[in-house]
Amino acid sequence: MRQQKQQQQQRTVKGDPHEELAARLRLLQELSGLGVRALARDTGLSSSSLSRYLGGQTVPPWPAVVALCRLVKRDPRPLRPLWERSSHPLPAPPKASREVHPRPRNDLPRDVSDFTGREEQLAAVFAAVDSHRVVAVDGMAGVGKTCLAVHAAHRLADQYPDAQLYVDLHGFTEGREPLDPDSALRMLLGALDVPSERVPQEGLEQLAACWRSELARRRAVVVLDNAADAEQVRPLLPGAGDTVALITSRNRLLGLDEVPPVSLDVLSPRESAELLARASGDPGGPGGRLARDPESAAEVLRLCGRLPLALRLAGARLRHRPGWTVGVLVERMSEGVSEFDAVFSAAFAMSVRQLKRSQGRLFRLLGLLPGASFDEYVVAALAEVPLREARAMLEDLLDAHLVQQPAADRYRLHDLVHQHARRACAELDPPAERERALGRVLDYYVHAAAAADAAMPFLAPGRSASAGRPPAELPRFADKNEAFAWLVTEYGNLMAAFETAVAVGADRHVCELPRFLRAYFARRCGTTHLNVLFERALAAAQRVGDPLQLAEAHSDLGFARYNAGRMAEAAAAYEAAERGLSGAGDTHAEAELAMRRGYLSWDTGHIEEPLALFRLAGELYERVGSPTGAAHAAAAEAWAMLQLGHREEAAQRAQQVLCVPHPDPAWPPTLTARITLGVAIAHEAPDEATQHLRRALALSREDRHVHNEAWCLNCLGVALRQMGRYEEALASHRAAFALLDELFEEHWKVRFLNGYAETCRLAGLPEEALRLHRQVLELAPRLGYRYEESLAHEGIATVLAETGSRAPAP
């Protein structure tokens, strides 16, 4: 009997490794003769997790599978291939209509032209790549790990043409915490241009699985530079597929047993001499400076510790100083140098001393920059100089090998150079200059983020930046695409600036910076991180003690809570904001809060109140002379009218919104107005209605905003249902939910399920309608969507009445 049951389960799940694994685990439970709680107790698992494993909702970790097998004295090894297929499923083929195929991404830093020696190590790297597709290069600071990995990656690029990626993990960057795997994975997925709907919003395991899934269909080479330890880099390793990873670290990554190591030592005496000669431009032979003074040349090699970075810096001094002898170079390098740790400082200090005063000041100030890479705009703000002068000084620092340029218009400091710059900056006199320079950097990032946010219309326009002073020059964004590209590039720096502001107590910057990242997070990173940022912004506002700032911080946090589907917390935050704004006399902030409360009020089951709040917001925006804010409020008012059944009034209000001029056709008020108008006139003017809805859908797709695309598809389904075109309506709903299935926020689904169910009912699919309404009843109470919950109850009653069935007992 048991054998027949096992065969039946295997036939049921054949072809689905996830379901097959769950079925095999249920057989193990049957063998144990235990219930879920007893089984959980004996295996050391939680009963809730075990239930998900047995029910197929979650793939268990491998140790859990081993524990279950051991309990019933079964060998777990035959289950390993099935578990691996379940944990790392092959990605679905891309949709041709939605995939973009840009040029392959190449983030590799420039390969050095004087790469010298390392034949044995290079051979070991390529052998490890051939056998394991991953290699870890370790060695001391300055020994050339990054240089070797980048050189090898350039050599491998033709074999892995889909992408060449590079990320600095900052495992040993002074003054900065190592990059956490979550942020590194988001940066790497962004570099692959993975759509935000495919990027999990939270959970390191889910992010790592998404990363492996994306790599499985690519041939890419990934350089993971400057890793702190095995735990930091393990989630970043590729899984199935042909991608290779080159890791560098100052530590041997003993925790990565499966990764072959290649350890670098200093260069051999012959290689060191060859590199110094090439870096200095020495022609070699008896006539060269190095050959004329072999003792001084040997002393340079000793002072440089035969480390490639120090040798290149010393060689550059000789190349650019034709009047120097090698003995002069030794004298300059020997000033105050006695310990190995000072070798680099001697080389860097010598290079800095050759700079003009303004260039040397800039180099020292660069040690204050909180991010990994930077552009000339933040350098101009840092040094308080015109942009043109900042660009010229950066070129000088490039020539002196004190700054690197990994890409056009982007600069970075090698971590050892950065350490020297930070130490040199600490010696600036007067010390107040450091504080002023860091303040200018924080001012720049807040105001630049505000400029990018202003170019990306999201909701009603917010307040402009007020923290600190605006810099003399900011990046200019021709459109929202340029603004979004800037935010993607600068994301790591913005987060580092936020953390720096927290550390130095720049609370006004902490309050403001997250507000200007709302549109970015809506498109790229979801709501989880934004909630954390606004929590910290609220704490900063409480320290500032400005009532208006505190009220706005409560409002912002409520908005983040609302977008995460945390309705009760959003309501509490809005109530605190309303108390703070009473008597403050800030009409703009009151209008913004009224808009936000209107959205929340509708979703939590109120009917008339949202309409009144949207009208109030419109009046307030008009009072402060904000036509764009008034348009946002009018569009929301039209949508609320439609939901209340006032079709004619909704259509008229939507038409008024469409008459408001705006350069962006996908501007949110225009999009909302088109959707509202399309649904409102579906009965009277079906052709015009379809035209409006399909135009909104096309704009959402061009904008690559998946939430809006799903909204348009769902509303198109509602309109087609009202026209009696049920098959087309069902197809549109299904397309909407195909998109929603790729998202990781359930509160978006609950908004569309009832409309889909009603279409199913009218199309003669009562069982499907019941299933969808009941899905609402599972989600809505937990998320706080009381209006959708009430609609679901009504829908179920209607379906049961039409089919002559009785509602099941509660």
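Which residue in β5 does valine 134 stand opposite? The answer is alanine 245, and that pairing is a good way into this predicted model. From there, the briefing moves through two sheets, two nonpolar cores, a pair of helices and two individual residues.

**The six-stranded sheet**

- Six strands form an open sheet with parallel pairing, in the order β1-β3-β4-β5-β2-β6.
- At its edges are β1 (105–106) and β6 (261–263), each of which pairs on one side only.
- Five bridges link β2 (residues 134–138) to β5 (residues 244–249) in the parallel sense. Besides the pair of valine 134 and alanine 245, aspartate 138 has serine 249 as its bridge partner in β5.
- Helix α8 (residues 145–156) packs on this sheet and touches β2, β3 (163–168), β4 (220–227) and β5. The direction of α8 makes about 170° with that of β5.
- Helix α9 (residues 181–191) lies across β1, β3 and β4, and runs at about 155° to β3.

**A closer look at β2**

- β2 also pairs with β6 in the parallel sense, this time over three bridges. Here alanine 136 has proline 261 of β6 as its bridge partner.
- Five of the five residues of β2 are buried, so the strand is largely enclosed by the rest of the structure.
- In a regular strand, side chains alternate between the two faces of the sheet.
- Both faces of β2 are covered: Val134, Ala136 and Asp138 are buried on one side, and Val135 and Val137 on the other.

**Glutamine 232, a buried polar residue**

- You will find glutamine 232 in helix α11 (residues 230–233). Its relative accessibility is 6%, and because buried means under 20%, it counts as buried.
- The side chain of glutamine 232 reaches the backbone oxygen of leucine 169 at 3.0 Å.
- Setting aside residues up to four places away in sequence, glutamine 232 touches Leu169, Pro178, Leu179, Pro181, Asn226 and Ala227.

**The three-stranded sheet**

- A second open sheet to look at has three strands in the order β7-β9-β8, with antiparallel pairing. Its edge strands are β7 (373–374) and β8 (404–407), each pairing on one side only.
- β7 and β9 (residues 410–412) run antiparallel and are joined by two bridges. Within this pair, phenylalanine 374 stands opposite tyrosine 411 of β9.
- Helix α20 (residues 387–399) lies across β7, β8 and β9, at about 50° to β9.

**Nonpolar cores**

- In soluble globular proteins, nonpolar side chains tend to be buried together.
- The largest nonpolar core here has 84 residues, and the members that touch the most others are Met595, Tyr621, Ile675, Leu693, Val750 and Phe752. Helix α35 (residues 706–722) gives the most to this core, with ten residues.
- Leaving out neighbours within four places in sequence, valine 750 is in contact with Val776, Leu779, Ala780, Leu783, Tyr785 and Glu788.
- A second, separate core holds 74 residues, among them Ala383, Leu397, Cys425 and Ala450.

**Helices α27 and α28**

- Helix α27 (residues 547–563) has 17 residues, which should span 24 Å at 1.5 Å a residue; its end C-alpha atoms are 25 Å apart, which agrees.
- Most of α27 is covered, with 13 of its 17 residues buried.
- Aspartate 546 caps the N-terminal end of α27, with a side-chain oxygen 3.0 Å from the backbone nitrogen of leucine 548. After the helix comes glycine 565, whose phi is positive, near 80°.
- Helix α28 (residues 567–581) has 15 residues, for which 21 Å is the expected span at 1.5 Å a residue; its end C-alpha atoms are 21 Å apart, which agrees.
- In α28, the buried residues are Met567, Ala570, Ala573, Tyr574, Ala576, Ala577 and Leu581. Their cover includes α27, α29 (587–603) and α39 (766–783).
- Glycine 583, just after α28, takes a positive phi of about 85°.

**Glutamate 684, out in a loop**

- Glutamate 684 lies in the loop between α33 (668–680) and α34 (686–703). With a relative accessible area of 59%, glutamate 684 is exposed.
- Between glutamate 684 and tryptophan 711 there are 22 Å in space, C-alpha to C-alpha, and they are 27 residues apart in sequence.

Key. Residues numbered from 1 in each chain as written. Predicted model: local features only at pLDDT ≥ 70, side-chain atom pairs only at ≥ 80, totals over all residues. Heavy atoms only, no water. Pairing = 2+ DSSP bridges. Helix = DSSP H or I, 4+ residues; strand = E, 2+ residues; numbered from the N terminus. Contact = heavy atoms within 4.5 Å. Axes fitted to C-alpha atoms, helices over the stretch in contact; angles between N-to-C directions. Buried < 20%, exposed > 50% of the residue type's maximum accessible area, 1.4 Å probe, protein only. Polar contact = N/O pair within 3.5 Å; in protein donor to acceptor, adjacent residues only side chain to side chain. Core = buried A, V, L, I, M, F, W, Y, C linked by side-chain atoms within 4.5 Å. Expected span 1.5 Å × (residues − 1).
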